[in-house]
Each structure stands twice: as structure tokens, then as C-alpha cells.
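Subject: The structure you were waiting for

Hi there,

Here is the structure I promised to pass on. Have a look at it first, and then read on for my notes.

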Amino acid sequence: MKIAKPSIALLLLTTLAAQANAGTILGSKHDFTGLNKRAQVAAMSGVAFADYGSACVYCHIPAEKEGEDSSTLGGIPGWNRYTPATSTAYDLYDSRTLDNKVRSPSPISLLCLSCHDGTMSVDMTVFKPDGWDSSKDASLHVRLNGGNDLMSCGKCHKGDAAHSIEIKHIGTDLQNDHPISMQYAGLNNRDMDYRPPDNDWGFDNGVKLYDSRVECATCHNVHNPDVNLLLRVGADSLCETCHTK
Ligand code: HEC
Ligand code: HEC
Ligand code: HEC
Ligand code: HEC
Ligand code: HEC
């Protein structure tokens with residue numbers, strides 16, 4: 001597959017963007033520097049995964065690496081994470097009625113899958129922030145995976161000592177999950193089973209399309225942890241945003 005290089009403008013945007021204050025990540029489940037505090041255990045940040053001292057760099061390219069292209073180092077274009085080795089091997093949802101078949105998820109969904117497919121450790125970032133002292137590296141580099149081994153969060157997170165992490169582990173078989181990375185079928189009234197979007201970015205209620213595609217971040221906003229499961233719209237009206245039936 002040919003991977004398009006992201007434009008410099010786009011890279012600048014994502015790095016500059018990361019400098020702005022997006023506060024709400026802090027203290028949320030995606031705040032890896034804050035998980036010890038949140039959970040009141042000392043067993044995670046700095047032990048099971050590296051504490052980089054910045055909550056943003058687990059996803060965003062650090063500000064001081066601004067303009068660098070993570071994809072030349074095997075990263076997901078525009079993001080500070082590696083492309084999962086399995087990215088071409090995801091079993092994506094498919095069905096007879098699907099309008100658009102997709103072979104591999106787009107970068108913004110690979111970002112999510114790079115943790116949630118459970119194949120790579122959560123601290124496996126392309127760039128480390130400048131201030132980070134590698135002698136303080138974690139002893140373990142653990143994966144978001146329910147497995148009962150030292151490589152997996154499931155070692156602790158299996159429901160007794162800590163909540164089970166299995167439900168957050170999407171895996172590489174996405175056939176039971178909502179289809180992603182396909183062109184939105186409601187564009188230009190192409191398929192009457194789908195509502196046309198309200199604007200170029202998606203829908204007035206906040207449900208967002210990326211380059212006219214449906215991605216993980218279409219339904220979830222990791223920057224708004226105050227709502228149940230980070231959903232942009234409550235589960236009761238989420239589906240009918242797009243599906244007319
Ligand atoms: C779990 C991954 C993740 C972490 C951690 C994260 N972000 Fe983001 N960030 C995203 C995603 C995904 C988007 C794109 C969201 C969109 O398009 O709505 C984004 C977008 C942004 C934007 C663009 C504005 C917007 O809402 O579109 C800013 C600014 C930003 N992040 C700043 C930060 C800062 C500052 C931190 C650390 C405090 C941080 N992010 C941590 C995933 C993350
Ligand atoms: C952002 C728009 C959007 C939202 C929100 C959305 N869907 Fe979808 N859904 C789609 C698109 C686009 C397809 C694939 C259509 C195609 O290419 O044929 C699809 C496909 C599906 C399919 C597979 C249909 C088939 O033909 O095989 C199911 C099932 C489904 N969605 C259920 C849901 C449910 C349940 C919800 C709410 C939790 C939901 N969708 C929310 C856009 C959306
Ligand atoms: C750096 C690793 C990492 C990345 C990247 C990441 N996540 Fe997560 N995500 C987590 C962890 C850890 C949790 C909490 C797991 C738990 O509570 O057991 C989580 C939880 C969630 C939850 C459940 C929240 C809740 O309140 O229970 C959703 C939904 C989610 N992530 C979606 C996303 C989406 C969408 C993206 C991409 C934009 C993404 N994640 C990227 C690590 C990550
Ligand atoms: C040494 C044991 C241990 C390991 C390893 C571990 N955790 Fe935890 N974690 C805990 C304990 C104990 C709690 C507090 C109880 C709870 O929330 O279930 C906790 C809480 C959490 C919470 C906070 C839940 C909340 O809602 O406040 C998240 C998120 C989390 N862990 C994610 C992870 C992830 C992701 C990994 C693997 C990368 C991981 N943990 C590895 C022991 C561990
Ligand atoms: C069409 C909307 C939609 C898309 C696209 C979508 N999700 Fe979700 N997601 C939901 C809804 C609704 C729920 C809650 C109900 C459920 O579990 O099915 C959910 C639940 C979750 C959970 C939490 C499971 C739990 O119950 O704690 C995680 C983690 C998650 N999604 C991650 C992702 C990732 C990663 C992607 C992309 C690969 C993705 N989602 C794509 C709508 C969506």
C-alpha cells in the first residue's frame with residue numbers, strides 16, 4: 001500500500017496544536033502520567049510503562065520535535081506512535097450490503113488501535129520528550145491486553161486486584177465493531193439509508209467526519225472525558241445521526 005506523506009502544514013498543525021491547552025485529557029484515563037494519582041496506586045506510571053512527564057506525547061508529537069515526520073521512522077503519519085505491525089492484517093468489518101470496502105484503517109484510527117489492539121506497549125512512542133531521563137525508564141512496557149502475562153495490563157487488570165481491561169482491548173479482529181475508515185455513505189445523497197452531513201466536518205451535533213470518512217474519533221472524543229465512554233453524542237441518538245433506519 002502506498003502511504004501518502006502528510007503535508008508539512010498538517011504536521012505543524014498537529015504539533016502546534018499539542019502545545020495549546022487541551023486540559024481535559026489531564027486526569028482522564030488517557031492521562032498516562034496521572035494514572036498513579038487517579039487510581040491511587042504506585043504500580044503503573046514509571047513501573048508498568050514509562051512516565052514521560054507529559055500526558056500529550058503518548059499520542060502527539062512533542063512540541064520540540066515540531067515539523068519532524070514520524071512516518072519516516074515507522075510512525076503513523078502526524079502522530080507520535082508506531083504503525084501497528086498488524087495494520088495491514090486487521091480483519092475489518094465486511095458485509096454484502098457495505099457500500100465501501102476498506103483494506104486498512106486511516107492514520108487517525110491507527111492511532112487508537114496502536115494501543116487498543118493490544119499488540120504494542122502503551123508507552124511505545126516514536127519521539128520521547130527532550131526532558132525525559134531514560135535512566136528512569138520503566139521496568140516493564142505493558143500492553144493494553146487482558147492476557148495474564150508480564151507483557152499485559154491484564155496481569156493486574158483481570159477483575160479482582162484491578163478492574164478488567166479486556167473490554168477496552170479491541171484486538172485486531174474488527175469484524176464485530178462498527179466499520180471504520182470508509183467514505184461516508186451519505187455524501188451527495190448517494191445512499192438514502194444515510195443522512196447527508198450538515199457541514200464539511202460532519203454533523204451539527206458534533207459527530208465528526210475525517211476526510212469524509214468514519215473513524216474511531218467520529219464517535220469518540222478523547223478530549224472530552226466528561227461524557228460516558230467519550231461518546232460525542234449519547235448512545236441513544238448517536239446511530240440516527242447517520243443511519244436513517
Ligand atoms: C489518547 C490520545 C491523545 C492524547 C493523550 C492527547 N490527544 Fe490531543 N488529540 C487527539 C486526537 C485524536 C485529536 C483529534 C481530535 C479531533 O479531530 O476532534 C486531538 C486533537 C488535539 C488538538 C486540536 C484541537 C481539536 O480539538 O481538534 C489539540 C490542541 C490537542 N489535541 C492538544 C492536546 C494536549 C495539550 C494534550 C495533552 C494534555 C493532548 N492533546 C493529549 C488525541 C490525543
Ligand atoms: C458518522 C456516521 C455513523 C454513525 C454515527 C453510525 N454509523 Fe453505522 N455506519 C455508517 C456507515 C457510513 C456505514 C457503512 C455504510 C457502507 O459503506 O455501506 C455503517 C455501517 C453500519 C453497520 C453495517 C451495515 C451493513 O450494511 O453491513 C451497522 C450494523 C451499523 N453501522 C450500526 C450502527 C450503530 C448501532 C450505530 C450507533 C452506535 C451507528 N452505526 C452509528 C455510519 C455511521
Ligand atoms: C496511549 C494508549 C492509548 C491510545 C493511543 C488511545 N487509548 Fe483509549 N484508552 C487507553 C487506556 C489505557 C484506557 C483506559 C482503560 C481502562 O480503563 O481499563 C482507554 C480507554 C478508552 C475508552 C473508554 C473510556 C472509558 O471511560 O471507559 C475509549 C472509548 C477509548 N479509550 C477510545 C480511544 C480512541 C477513540 C482513541 C483514538 C483517538 C484512543 N482511545 C487512543 C489507551 C489509549
Ligand atoms: C501492578 C498492577 C497494575 C498494572 C501492571 C497495571 N495497573 Fe492499572 N491499576 C492498578 C490498580 C490496583 C488500579 C486501581 C483499581 C482499579 O481502578 O481497578 C488501577 C487503575 C487503573 C486505571 C484507572 C481506572 C479509573 O477509572 O480510575 C487505569 C485507566 C489503568 N489502571 C490502566 C492501566 C493500563 C492501561 C495498564 C497497562 C498498560 C495498567 N493499568 C497496568 C494496577 C495495575
Ligand atoms: C459509529 C460509532 C463508533 C465508532 C466508529 C467507534 N466506536 Fe467505540 N464505541 C461506540 C459506542 C456506542 C460504544 C459503547 C457501546 C458499546 O460498547 O458498543 C463504544 C465503546 C468503545 C469502547 C469501550 C468499551 C467499554 O464498554 O468500555 C472503546 C475502548 C472503544 N469504543 C474504542 C473504539 C475504537 C478504538 C474505535 C475505532 C477502531 C471505535 N471505538 C469506533 C461507538 C463507536
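Which residues are the closest to ligand 4? They are Arg38, Met44, Cys153, Cys156 and His157, out of 18 residues that surround ligand 4. Before you go further, please keep in mind that this is a predicted model, and that the distances below are computed from it.

**Around ligand 4**

Two of those closest residues also make polar contacts through their side chains. A side-chain N or O atom of Arg38 sits 2.6 Å from an oxygen atom of ligand 4, while for His157 the partner is a nitrogen atom of the ligand, at 2.7 Å from a side-chain N or O atom. His163 takes part through its backbone instead: one of its backbone N or O atoms is 2.6 Å from a ligand 4 oxygen. As for the makeup of the shell, 14 residues are nonpolar, two are polar and two are charged.

**Around ligand 5**

Ligand 5 has 15 residues around it, and the nearest are Ile167, Lys168, Cys216, Cys219 and His220. The side chain of Lys168 places an N or O atom 2.8 Å from an oxygen atom of ligand 5. His220 does so with a nitrogen atom of the ligand, at 2.9 Å. By class, this shell holds 10 nonpolar, three polar and two charged residues. Helix 3 (107-116) and helix 4 (216-219) each contribute at least two residues to it, and helix 3 gives the most, with three.

**The protein itself**

What does the fold consist of, in helices and strands? There are five helices and zero strands. Of the 245 residues, 40% are buried. Contacts between residues at least 6 apart in sequence often span a long stretch of chain: 60% of them join residues at least 24 apart. The exposed surface comes to about 13,700 Å², with 55% of it from carbon and sulfur atoms.

Inside, the largest nonpolar core has 16 residues, and Phe32, Leu35, Phe49, Tyr52, Tyr58, Val122 and Leu144 have the most contacts within it. Phe49 is a good place to start browsing: leaving aside residues up to four places away in sequence, it touches Phe32, Leu35, Met44, Val122, Asp123, Ala138 and Leu140. Met44, then, is in contact with Phe49 and is also among the residues closest to ligand 4. A second core, separate from this one, has 12 residues, including Leu92, Leu111, Tyr210 and Ala217.

Happy browsing, and best wishes!

Methods. Residues are numbered from 1 along each chain as its sequence is written. Chains are lettered from A and ligands numbered from 1 in the order in which they are written. This is a predicted model: local features need pLDDT of at least 70, side-chain atom pairs count only at pLDDT 80 or more; totals for chains, interfaces and linings use all residues. Side-chain values use heavy atoms; hydrogens and water are left out. A residue is near a molecule or strand if one of its heavy atoms lies within 4 Å of it. A polar contact is a pair of N or O atoms within 3.5 Å; within protein, one must be able to donate a hydrogen and the other to accept it, and residues adjacent in sequence count only if both atoms are side-chain atoms. Ala, Val, Leu, Ile, Met, Phe, Trp, Tyr, Cys and Pro count as nonpolar, Asp, Glu, Lys and Arg as charged, and the others, Gly among them, as polar. A nonpolar core is a set of buried Ala, Val, Leu, Ile, Met, Phe, Trp, Tyr and Cys residues joined through side-chain atoms within 4.5 Å. Buried means under 20% relative accessible area, exposed over 50%, partly exposed in between (1.4 Å probe, protein chains only). Contact means heavy atoms within 4.5 Å. Helices (H or I, at least four residues) and strands (E, at least two) are DSSP runs, numbered from the N terminus. Accessible areas come from the Shrake-Rupley method with a 1.4 Å probe; for residues, only the protein chains shown count as cover.
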